[in-house]
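Subject: Structure handover

Hello,

Here is the structure you asked to take over. My notes on it follow below.

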Amino acid sequence: MIIKKLTSIRKKSSETRVGLNVLMKPKKLQPGDCVATVSPSWGGAGEPELRWRYEQGVKRLEETFGLKVIPMPNSLKGGDYLYKNPQARAEDLMMAFKDKRIKAIIANIGGEDSIRLLPYIDFDVIRDNPKIFMGYSDVTIPHLFCHKAGISSFYGPAILTDFAENVEMDPYTIEMVNRTLFSTEAIGEIQPANEWTSERLLWLEENKDRRRAMVKNSGYEVLQGSGVAHGRLIGGCIEVLEFAKGTELWPEKKYWENSILFFETSEEKPDPSLIRYWLRNYAAQGILQKAKGIIFGKPQDEKYYEEYKEEIKTVMKEYDLEDLPILYNLNFGHTEPKFILPYGAMAEINCEKRTFAILESGVD
């Protein structure tokens, strides 16, 4: 894959500026570093029938990236225990941030109730110990923990999905991990994956040597807008963001100014009408009006692919936002392989070239 390096606009500061605020960039990873695995949402990594999957993901971290893995004490206690004990999940997260040995924290998988960790989060602990935190889906909520604490985190791969991919990790995902977490160079232009998959193979150990079926990718699609847009990245799984609205986690208005919003939908494949309702709320808050552009992830299985597009364009027309640049069908979120989005990083949508780029490094 040809990688366009945008070193001329590399940001040398360890801070990512958002309006008048600052998101601090964590230090980059190096081979030999220790990383923690956590289960802030669902405790599936600790279920006996899925333990092999967790161990396969850990093996990839060790062999592909040269990292040392430390599971947090409660993270492998299983789904039932962690559901009943959200404070235990929060304790793991706090412990991982406080532990000086640990340079990065990676979520095992998403779920549906990480919002229940909120009463147990010490934002000063996160603020005083900036380090890489990565995951997607319901992990959107812990990303907002980091955002409130003032550090940039990474919307990207999880242990049980991408790192534990059958047979081997996808080269596209490996490249994106290396470019985003191990390098202080500008991340640069992110090309579409050549192929994608959302095939639901049961996580049975007898399937571990069976590759999922890949489908040719059609690439990015410009839904509307023209020219080039620049903005700071903020967003997540659009369903999960609904949990945060009206709470102390919801970013202040200034954080939405001059932003590039990123949204994606989960494996629940929400009805297209919900996309309309949710986007209307963003417009009612004035968030869409503050944004410089929006990127949307590939819908899982490409179900509602066309229907989502129509709902998006409907809301833009309702609010006279038909000139807002919108790029669709990007490889992040609930699709494999995927790239990584650092919160607060300056990004670019080029409607004429139909490209997306991250114009600075994700790490210091």
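Strand S13 is a good place to start: 6 of its 6 residues are buried, so the strand is mostly covered. Please keep in mind throughout that this is a predicted model.

In a regular strand the side chains alternate between the two faces of the sheet. In S13 both of these faces are covered, with Ser-259, Leu-261 and Phe-263 buried on one side, and Ile-260, Phe-262 and Glu-264 buried on the other.

The sheet around S13

S13 belongs to an open sheet of 8 strands with mixed pairing, ordered S8-S18-S17-S12-S13-S14-S15-S11. Strand S8 (188-189) and strand S11 (221-224) are the edge strands, each pairing on one side only. S8 runs antiparallel to strand S18 (residues 355-358), and 2 bridges join them. One pairing to look up there is Gly-188, whose bridge partner in S18 is Ile-358.

On one side of S13, strand S12 (residues 228-237) runs parallel to S13 and is joined to it by 6 bridges. Cys-237 stands opposite Glu-264 of S13. S13 is also joined to S14, again in parallel, by 4 bridges. Here Phe-263 has Phe-296 of S14 as its bridge partner.

Cavities

The structure holds 3 cavities of 30 Å³ or more, and the largest has about 80 Å³ of space. Which elements supply at least two residues each to the lining of that largest cavity? They are strand S13 (259-264), strand S14 (293-297) and helix H12 (305-318). Phe-263 and Phe-296, the bridge partners named above, both line the largest cavity. Glu-264, which stands opposite Cys-237, is in the lining as well. Other lining residues include Ile-238, Thr-265, Ile-275, Lys-298, Tyr-308, Ile-312 and Tyr-328. By class, this lining has 8 nonpolar, 2 polar and 2 charged residues.

Pockets

The largest pocket has a volume of about 560 Å³. It is lined by 22 residues, and those nearest its centre are Ile-109, Tyr-136, Thr-161, Arg-200 and Trp-203. The lining of the largest pocket divides into 7 nonpolar, 8 polar and 7 charged residues.

The second largest pocket has a volume of about 330 Å³. Of the 18 residues that line it, Asp-170, Pro-171, Glu-195, Met-214 and Pro-337 lie nearest its centre. Helix H7 (residues 171-181) gives the most to this lining, with 3 residues. By class, the second largest pocket is lined by 7 nonpolar, 3 polar and 8 charged residues.

Cysteines

A disulfide is a covalent bond between the sulfur atoms of two cysteines. How many disulfides does a search of the whole structure find? The search finds 0. Cys-34 is in no disulfide, and the nearest cysteine sulfur, that of Cys-146, is 19 Å away. Cys-34 is buried because its relative accessible area, 16%, is under 20%.

Why is the sulfur of Cys-237 too far for a bond with the closest cysteine sulfur? The closest one, in Cys-146, is 17 Å away, whereas a disulfide needs the two sulfur atoms within 2.5 Å. Cys-237 is also buried, with a relative accessible area of 1%.

Helix H5

Cys-146 is one of the buried residues of H5. This helix covers residues 140-149, and 9 of its 10 residues are buried, so H5 is largely enclosed by the rest of the structure. Besides Cys-146, the buried residues are Thr-140, Ile-141, Pro-142, His-143, Leu-144, Phe-145, His-147 and Ala-149. Gly-150 follows H5 and has a positive phi, near 95°.

A buried loop residue

Is Asn-331 buried or exposed? Asn-331 is buried, because its relative accessible area is 0%, and the cut-off for buried is under 20%. Asn-331 lies in the loop between strand S15 (326-330) and strand S16 (341-342). Its side chain makes a polar contact, at 3.5 Å, with the side chain of Asn-217.

Regards

How values were computed: Residues are numbered from 1 along each chain as its sequence is written. This is a predicted model: local features need pLDDT of at least 70, side-chain atom pairs count only at pLDDT 80 or more; totals for chains, interfaces and linings use all residues. Side-chain values use heavy atoms; hydrogens and water are left out. Buried means under 20% relative accessible area, exposed over 50%, partly exposed in between (1.4 Å probe, protein chains only). On a 1 Å grid over the protein atoms alone, a cavity is a set of points where a 1.4 Å probe fits but cannot get out, and a pocket is an open set with protein on both sides within 12 Å along at least five of seven lines; lining residues have an atom within 4 Å of a point. Grid points are joined across faces, edges and corners, and a volume is the space filled by probe spheres set on the points. Ala, Val, Leu, Ile, Met, Phe, Trp, Tyr, Cys and Pro count as nonpolar, Asp, Glu, Lys and Arg as charged, and the others, Gly among them, as polar. Two strands pair if DSSP finds at least two bridges between them. A polar contact is a pair of N or O atoms within 3.5 Å; within protein, one must be able to donate a hydrogen and the other to accept it, and residues adjacent in sequence count only if both atoms are side-chain atoms.
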